[in-house]
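Got your viewer open? Let's take a walk through this one, a stop at a time.

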Amino acid sequence: MVFFPNAKINIGLRITEKRSDGFHNLESCFYPVPLSDLLEIMPASETSFTTGGIAIPGNIATNLCMRAYERLKQDFGLPPVRIHLHKLIPIGAGLGGGSADAAFTLRLLNEQFDLGLSVEQLEEYARPLGSDCAFFIQNRPMYCFEKGDRFAEIDVSLKGYTLVLIYPNLAISTAEAYAGVRPQQPAASLRTLLQEPLESWKDTVQNDFEKSLFSMYPILDFIKQELYHLGALYASMSGSGSTLYGIFAQPVELPAHFDAYQVWQKVL
Ligand SMILES: C[C@@](CO)(OP(=O)(O)O)[C@H](O)COP(=O)(O)OP(=O)(O)OC[C@H]1O[C@@H](n2ccc(N)nc2=O)[C@H](O)[C@@H]1O
Ligand SMILES: Nc1ncnc2c1ncn2[C@@H]1O[C@H](COP(=O)(O)OP(=O)(O)O)[C@@H](O)[C@H]1O
């Protein structure tokens with residue numbers, strides 16, 4: 001069985017408080033985007049895990065696909081499988097690629113072996129694998145809060161807009177990014193701000209990681225400003241970076257110097 005674990009962007013990201021478990025509470029809108037890895041899982045005589053595409057740091061046992069498989073195996077005594085992951089979503093990019101791989105592994109195993117797990121049960125398995133992971137079980141636009149692993153409906157659609165993603169070939173560690181932020185309760189709820197027209201987001205919807213990371217890596221701010229110069233209605237860093245994205249009314253011709261980065265452009 002083959003699945004295509006996709007990336008997400010964060011539309012707004014406010015880090016509201018440090019928790020007693022060392023994590024942070026946040027509020028964000030997670031939005032799935034059509035940039036995907038390829039994940040194949042097949043029954044086999046012995047378990048193996050192979051990868052292609054972008055090299056993934058760590059070893060087989062630490063890969064989130066294997067951790068998801070081992071977790072379900074504990075409870076359901078799964079048979080051996082051959083897992084192959086072709087990695088296309090950049091790593092340390094704020095696009096949630098590793099979390100998507102883990103969540104899709106849970107979903108795929110649930111289907112392949114008829115485990116009968118509900119959405120809620122799959123989300124419970126996903127949460128300990130990574131704060132972003134549970135989002136990819138339902139994989140639809142959501143207002144996310146607490147660790148980013150609790151969800152509420154939100155009426156946000158980018159359908160018909162053009163999304164430009166720019167990965168500036170810079171991997172940023174999520175833990176380091178959190179360490180640079182001072183949590184604060186925002187004056188207005190992101191949920192309310194996102195109900196206003198998209199054109200207003202430029203002045204109201206912010207990502208709290210930008211302040212410290214933009215001063216550490218000025219290229220990130222430079223790319224964001226370039227996206228606005230090119231006509232983006234809204235531009236932001238996604239998650240803890242380093243990917244920047246722009247939302248445009250129409251497809252856009254990008255300047256030649258963007259060739260130095262990895263760029264995706266899609267009408268949603
Ligand atoms: C920042 C966000 C925003 O969507 O995404 P990315 O930019 O990484 O994609 C997420 O909060 C990332 O979630 P995820 O990448 O799953 O993080 P985890 O593996 O759970 O945690 C990595 C580290 O980040 C910090 N962390 C993570 C989530 C959270 N709510 N508070 C934290 O303080 C902790 O230091 C933790 O050890
Ligand atoms: N299948 C996987 N794909 C990507 N990263 C993985 C995977 N499994 C484990 N990781 C680890 O997760 C971290 C990056 O997570 P990723 O989701 O790609 O980035 P981000 O949190 O910036 O969205 C790396 O430290 C990497 O070693």
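Start with an open sheet of 4 strands, ordered S10-S11-S9-S12 and paired in the antiparallel sense. (Strands are DSSP runs of E, at least two residues long, and helices are runs of H or I of at least four, both numbered from the N terminus; two strands pair if DSSP finds at least two bridges between them.) Select 234–237 and 262–267 to light up the edge strands, S10 and S12, each of which pairs on one side only. Turn the view and follow the twist, which averages 15 degrees from one strand to the next; axes here are lines fitted to C-alpha atoms (for helices over the stretch in contact), with angles running from 0 to 180 degrees between N-to-C directions.

Before moving on, some housekeeping: this is a predicted model, where local features need pLDDT of at least 70 and side-chain atom pairs count only at pLDDT 80 or more, while totals for chains, interfaces and linings use all residues. Residues are numbered from 1 along each chain as its sequence is written, and chains are lettered from A and ligands numbered from 1 in the order in which they are written.

Now pick 162–167, which is S9; S9 and S12 are joined in the antiparallel sense by 6 bridges. For one rung of that ladder, click Val 164 and look across to Gln 265, its bridge partner in S12.

Next, color the chain by domain: domain 1 is 2–152 and domain 2 is 162–267, with bounds from an automatic or database domain assignment. Their C-alpha centres sit 23 Å apart. Where they touch, domain 1 puts in 25 residues and domain 2 puts in 31 (contact means C-beta atoms, placed from the backbone, within 7 Å). On the domain 1 side, show S2 (6–18) and S3, which each supply at least two residues. S2 gives the largest share of that side, 10 residues.

Last stop: ligand 1. Which residues come nearest to ligand 1? Select Gly 94, Gly 130, Ser 131, Asp 132 and Gly 239, out of 19 residues around the ligand (near means a C-beta atom, placed from the backbone, within 6 Å). Add strand S3 (24–36) and helix H5 (174–179), as each supplies at least two residues of the shell. Why does ligand 1 lie between the domains? Both domain 1 and domain 2 give residues to the shell, so the ligand lies between them.

Terms used
Two residues are in contact if their C-beta atoms, placed from the backbone, lie within 7 Å.
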